Each structure stands twice: as structure tokens, then as C-alpha cells.
Amino acid sequence: ISLMRKVEVSAFELAQRFVGIKEVPGSVSNQHILAMLRLDDQWPADDAVPWCSAFANYIAWLLRLPRSRSLRARSWVGVGEVVSPDHAEPGFDVVILKRGKGNQPGPDVINASGHVGFFAGIEGHRVLVLGGNQSNSVSIAPFPGSQILGIRRLA
């Protein structure tokens, strides 16, 4: 008889437990965010660097899901299976977004500004994303659907 019971939780459900974690202003860093950043790279000295990909990697690592192992948001374009916005599901999918003003390169350019988080739904012409480093915290935020570079299914 096994004494262990398998408990399954989706990436979205686990990520929701981190909502409200935020950067610490000034010279002190949130140690939890710093641990997420250093899971895949040792250079971040504090939490005042982009950490959306670190958050997504941390959640995927905790659940033993495929992950990018990079602090670059656009690195997620090559992880998992391609999913169309019409078939995206909370709990299973990450959304990779363009970031910045003007003409941003397409998904084939990894070394460019971007953002990544867990798909939380569609609201009109906006995609809802549960992610880290959204107003310096873990939160759900809307982004224009036109900024979507890709949606990837992790499981």
C-alpha cells in the first residue's frame, strides 16, 4: 500500500499561489524572486531586473514541466507545443508577448524585448496573463492580443 497520494496541480493553479509577491524597493531584494532568477543564471544581483521568465521557469521547474532555462522571455517560443489563441487553456499554456513601442521583431528573434506568463483567458481583444514582473509583482494583467508572439502548451 502506497502512503503517498499523487496530487496534481496545474502550472496556473500553482502560479496563482504566488500572486502578490513583489520586488522590494531600494537596495534590498525579495529573496524569493532572487531564487527564481538564480535557478537558471547567476548574474542577477537583485530583483530589479526583468524576471517574468524566471517566474515561468520556476513554476515549470517545480512541476517538472518543460521550460526554457533562460531569463529571456522570448526563449519560451521554443518550449512545448504550438497552440492557437482559440485553443489556449488556463493551466496548460504560456503566452509569449512582444514588449516595447514601435515595430518589434517576430518570434524568430529571441534576443529582443518580450514578456512571458501563464495564459489566464481572453477578454475582448486582450489576453490575460498571470505572470511575474507585471507592475513589479506576480499578478494577472491584460495585454493587447496584437502583442502575442506565440502560445505554447507545456504539458
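Two strands count as paired if DSSP finds at least two bridges between them. Keep that in mind for the exercises below, which work on a predicted model.

**Exercise 1. In what order do the elements run from the N terminus on, and how many helices and strands are there?**

Start with the count: the protein has three helices and six strands. Then walk along the chain from the N terminus, and you meet α-α-α-β-β-β-β-β-β. Now for the overall dimensions. The radius of gyration is 15 Å, close to the 15 Å that the globule rule gives for 155 residues, so the protein is as compact as a globular protein of that length. Along the principal axes, the C-alpha trace spans about 60 × 40 × 25 Å.

**Exercise 2. Work out the order of the six strands in the sheet, and find which strands stand at the edges.**

Read across the open sheet and you get E1-E6-E2-E3-E4-E5, with antiparallel pairing. Next, look at the ends of that order: strand E1 (81-82) and strand E5 (137-144) each have a single partner strand, so one side of each is left without a neighbour in the sheet.

What packs on this sheet? It's helix H3 (residues 52-62), which touches strand E3 (114-123), strand E4 (126-134) and E5. The direction of H3 makes about 70 degrees with that of E3.

**Exercise 3. Zoom in on the pairing of E2 and E6: how many bridges join them, and which residue stands opposite Val95?**

Find strand E2 at residues 93-98 and strand E6 at residues 148-153. They pair in the antiparallel sense over five bridges. Now pick out Val95: the residue opposite is Ile151 in E6.

**Exercise 4. Locate Asn133 and Asn136, and check phi for each.**

Take Asn133 to begin with. Asn133 sits in strand E4, and its phi is near 60 degrees, a positive value in a residue other than glycine.

Move on to Asn136, in the loop between E4 and E5. Asn136 isn't a glycine either, yet it has a positive phi of about 65 degrees.

Is Asn136 buried, exposed or partly exposed? Its relative accessible area is 42%. Buried means under 20% and exposed means over 50%, with partly exposed in between. So Asn136 is partly exposed.

**Exercise 5. What share of the protein is buried, and what share of contacts is long-range in sequence?**

Go by residues for the buried part: 46% of the 155 count as buried. For the contacts, take those with a separation of 6 or more; residues 24 or more positions apart account for 54% of them. Finally, the accessible surface comes to about 8,600 Å², and 52% of it belongs to carbon and sulfur atoms.

Conventions: Residues numbered from 1 in each chain as written. Predicted model: local features only at pLDDT ≥ 70, side-chain atom pairs only at ≥ 80, totals over all residues. Heavy atoms only, no water. Helix = DSSP H or I, 4+ residues; strand = E, 2+ residues; numbered from the N terminus. Contact = heavy atoms within 4.5 Å. Axes fitted to C-alpha atoms, helices over the stretch in contact; angles between N-to-C directions. Rg over C-alpha atoms; globule rule 2.2 N^0.38 Å. Buried < 20%, exposed > 50% of the residue type's maximum accessible area, 1.4 Å probe, protein only. Areas by Shrake-Rupley, 256 points an atom, 1.4 Å probe, with all protein chains shown as cover.
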